[in-house]
Amino acid sequence: MRQNDVVSTMSVDLAFGENELLPAVAQDAESGDVLMLAYVTEEALERSRETGHAHYYSRSRDELWHKGATSGHVQHVEGIRVDCDGDAILYLVDQDGGACHTGYESCFHRTIDGEVTDDPVFDPDEVYE
């Protein structure tokens with residue numbers, strides 16, 4: 001697929017880029033807090049729609065990724081939104097446990113100066129053995 005190719009899903013056109021990925025923001029459906037940013041392929045997006053659990057594409061592992069499959073910290077997808085250009089996705093989720101693999105509720109738990117703004121919600125050493 002070439003850059004700016006458009007894939008039609010339902011009645012929405014999605015502009016998957018050259019790498020066939022779209023950025024996907026996970027947002028807590030109740031609080032509105034941004035939990036994480038990851039990427040989706042067309043397959044990951046379809047799996048999320050089919051199962052009701054967030055699926056992403058792991059660039060580092062080069063594979064489809066079911067959020068929470070290892071940790072049990074699943075994201076229940078309550079809604080999926082598409083931005084105006086069709087080149088980004090927003091998952092509205094109900095998060096079990098923490099979204100961040102480092103033990104925090106949100107991956108955005110530090111300021112630009114390195115100050116930690118939240119407390120961990122789980123111990124990653126106990127979850128990822």
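This passage describes a four-stranded sheet and the helix that packs on it in a predicted model.

The sheet is open, and its four strands are arranged in the order β4-β3-β8-β7 with mixed pairing. The edge positions are taken by β4 (34-40) and β7 (75-82); each has a single partner strand, so one side of each is left without a neighbour in the sheet. From one strand to the next, the twist averages 25°.

Strand β8 (residues 89-95) pairs with β7 in the antiparallel sense, over seven bridges. Within this pairing, Q75 has Q95 of β8 as its bridge partner, and H76 stands opposite D94 in β8. The hairpin of β7 and β8 has six residues between the strands, and in it G86 adopts a positive phi near 70°.

The pairing of β8 with strand β3 (residues 22-28) is parallel and comprises five bridges. Here A24 stands opposite I89 of β8.

Helix α1 (residues 42-51) packs on the sheet, where it touches β4, β7 and β8. The direction of α1 makes about 40° with that of β8. Burial was assessed for β8 with a cut-off of under 20% relative accessible area. Five of the seven residues of β8 are buried, and the strand is therefore largely enclosed by the rest of the structure.

Methods. Residues numbered from 1 in each chain as written. Predicted model: local features only at pLDDT ≥ 70, side-chain atom pairs only at ≥ 80, totals over all residues. Heavy atoms only, no water. Pairing = 2+ DSSP bridges. Helix = DSSP H or I, 4+ residues; strand = E, 2+ residues; numbered from the N terminus. Axes fitted to C-alpha atoms, helices over the stretch in contact; angles between N-to-C directions. Contact = heavy atoms within 4.5 Å. Buried < 20%, exposed > 50% of the residue type's maximum accessible area, 1.4 Å probe, protein only.
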